[in-house]
Amino acid sequence: MNPSGDVAVQQRDLVIISTVLMLLIIVPVMILTVFFAWRYRQSNTDAPYDPDWDHSTQLELLIWAAPLLIVICLGAVTWMATHLLDPYRALGPSPGEAVSEATKPLEVEVVALDWKWLFIYPEYGVATVNEMAAPVDRPIEFRLTSSSVMNSFYVPALAGQIYTMPGMQTKLSAVINHPGVYQGFSANYSGAGFSGMRFAFRGLPTADFDKWVADVKAQGSALDRNIYLQLEQPSENDPVRRYATVDPELFGAVLNRCVEPNKMCISEMSTIDAKGGLGLAGIYNVRPLENNNYTRRGSVFGPEISFVAGICSTSEAVKASVDAPLMTPRDTLPITGAGLPRPFSAPFFGFQRRLSNS
């Protein structure tokens, strides 16, 4: 209830406003329940007794009008907050903060691994595991995905949780307004190492953030696709790791499920499917179930890894034969096959006749 990010503050205010609006009904009902129980107890002979009473227009209006107004208010507040706090909605400077509207948002690419978090900073060309930093009062634009199963990215002091799923990208816009170290974790159970899937989120002044980036570049190692494939292996309670350089196409490869060498990406397969598909080529690129992802990685038709890496170019002669107009069938009324004539029956009394369609 004491967040340090503007989005989380607005979410807290929404919770408080909704709670107060509901208490406007709950508190009077609880008080009246106790009052009526005491007022009309059996031992109170002074209370009026009217066994024939069954209706009061005034009470009906009060009983139904008050909750109706509360529901209308809750609906209006929730509808506005749902659009204003849309995680895909870009953030401007926080109210009351002296930040230029021209401030460039910090881009952070997030990959949920088993069971750790990978953060990539494409603007600076660095990456970290289980540690993230961001400058104070600078909008942050997250792009999130997962390597295997669904997880939920959540820093309570920063913003609401957002789910990450393999082969899909989600976004989250947020900002941190107060320096400090805050806890981040996965809010969706994802396996044995879930409880240790936590990271430190550091809100730093701009100068300290620049120094943090410089330290990562000075102390870290390189993160390429081969190192990522090792990092992707399930592990629990991982320490903080820093990478001074990152393959600029790594996040896109993770998102498109083609980090392995010579493997076709989802985006390429989608383009092929949009043009009619390639049949078994797409099946060869489907991997086994995710829970068996690391023992038989890439194996579909056997123990050996097999991927379709690309499509051979078609020669001009083949293209010409494919594009040529088809021959008109000899007998098309009705067609009983792929443009073939109707079959003849076996000889019967020395005659042959065409089979009927019945």
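## Two sheets, a helix pair and a crossing helix

In this predicted model, strand β4 and strand β10 (residues 198-204) run parallel, joined by 5 bridges. One of the residue pairs across them is easy to look up: Pro135 has Leu204 in β10 as its bridge partner. That pair of strands is a handy place to start, and the sheet around them comes next.

**The five-stranded sheet**

β4 and β10 belong to an open sheet of 5 strands, ordered β4-β10-β9-β6-β7, with mixed pairing. At its edges are β4 (131-135) and β7 (162-164), each of which pairs on one side only. Going from neighbour to neighbour in this sheet, the strands are turned by 25 degrees against each other on average, if you ignore direction.

**The seven-stranded sheet**

There is also an open sheet made of 7 strands, again with mixed pairing, in the order β8-β5-β1-β2-β3-β12-β11. Which strands stand at the edges here? They are β8 (170-174) and β11 (221-223); each has a single partner strand, so one side of each has no neighbour in the sheet. From one strand to the next, the twist averages 30 degrees.

Let's walk through some of the pairings. Strand β1 and strand β5 (residues 140-146) pair in the parallel sense over 7 bridges, and Glu107 sits opposite Glu141 of β5. With strand β2 (residues 116-121), β1 pairs in the antiparallel sense over 5 bridges. These two strands, β1 and β2, make a hairpin with 2 residues between them. Two spots to check along it are Glu109, which stands opposite Ile120 in β2, and Val110, which stands opposite Phe119 in β2.

Further along the order, β3 and β12 pair in the antiparallel sense, with Thr128 opposite Arg242 in β12. β11 and β12, on the other hand, run parallel, and there Ala222 stands opposite Thr245 in β12.

Here are the pairings mentioned so far, side by side:

| Strands | Sense | Bridges |
|---|---|---|
| β4 and β10 | parallel | 5 bridges |
| β1 and β5 | parallel | 7 bridges |
| β1 and β2 | antiparallel | 5 bridges |
| β3 and β12 | antiparallel | 3 bridges |
| β11 and β12 | parallel | 3 bridges |

Is strand β1 mostly buried or exposed? Of the 8 residues in β1 (residues 106-113), 7 are buried, so the rest of the structure largely encloses this strand.

**A helix across the strands**

Helix α3 (residues 206-219) is worth finding next, as it touches on both of the sheets just described. The helix lies across β1, β2, β3 (126-129), β11 and β12 (241-246), and runs at about 85 degrees to β12. α3 also lies across β4 and β10, this time running at about 140 degrees to β4.

One residue to pick out in helix α3 is Val213. Val213 has a relative accessibility of 5%, and residues under 20% count as buried, so Val213 is a buried one. From Val213 to Gly125 is 88 residues in sequence, yet the two C-alpha atoms are 9.5 Å apart in space.

**The helix pair**

Now for the other two helices of this tour. In general, a packed pair of helices is described by the angle and the distance between the two axes. For helix α1 (residues 6-39) and helix α2 (residues 57-84), the axes come within 9 Å and cross at roughly 175 degrees. Angles over 145 degrees count as roughly antiparallel, so that is how α1 lies relative to α2.

Which residues make the contact? From α1 they are Leu14, Ile17, Ser18, Leu21, Met22, Leu24 and Ile25, and from α2 they are Ala66, Pro67, Ile70, Cys73, Leu74, Val77 and Ala81. Sorted by class, this contact of α1 with α2 has 13 nonpolar residues, 1 polar residue and no charged ones.

**Stepping back**

So how many helices and strands are there in the protein? The count is 8 helices and 12 strands. The protein has 358 residues, and 34% of them are buried. Looking at contacts between residues at least 6 apart in sequence, 62% join residues at least 24 apart. As for the outside, the protein exposes about 21800 Å², and carbon and sulfur atoms supply 62% of that area.

Technical notes: Residues numbered from 1 in each chain as written. Predicted model: local features only at pLDDT ≥ 70, side-chain atom pairs only at ≥ 80, totals over all residues. Heavy atoms only, no water. Helix = DSSP H or I, 4+ residues; strand = E, 2+ residues; numbered from the N terminus. Buried < 20%, exposed > 50% of the residue type's maximum accessible area, 1.4 Å probe, protein only. Contact = heavy atoms within 4.5 Å. Areas by Shrake-Rupley, 256 points an atom, 1.4 Å probe, with all protein chains shown as cover. Pairing = 2+ DSSP bridges. Axes fitted to C-alpha atoms, helices over the stretch in contact; angles between N-to-C directions. Parallel < 35°, antiparallel > 145°, perpendicular 65-115°, else oblique. Nonpolar A, V, L, I, M, F, W, Y, C, P; charged D, E, K, R; others polar.
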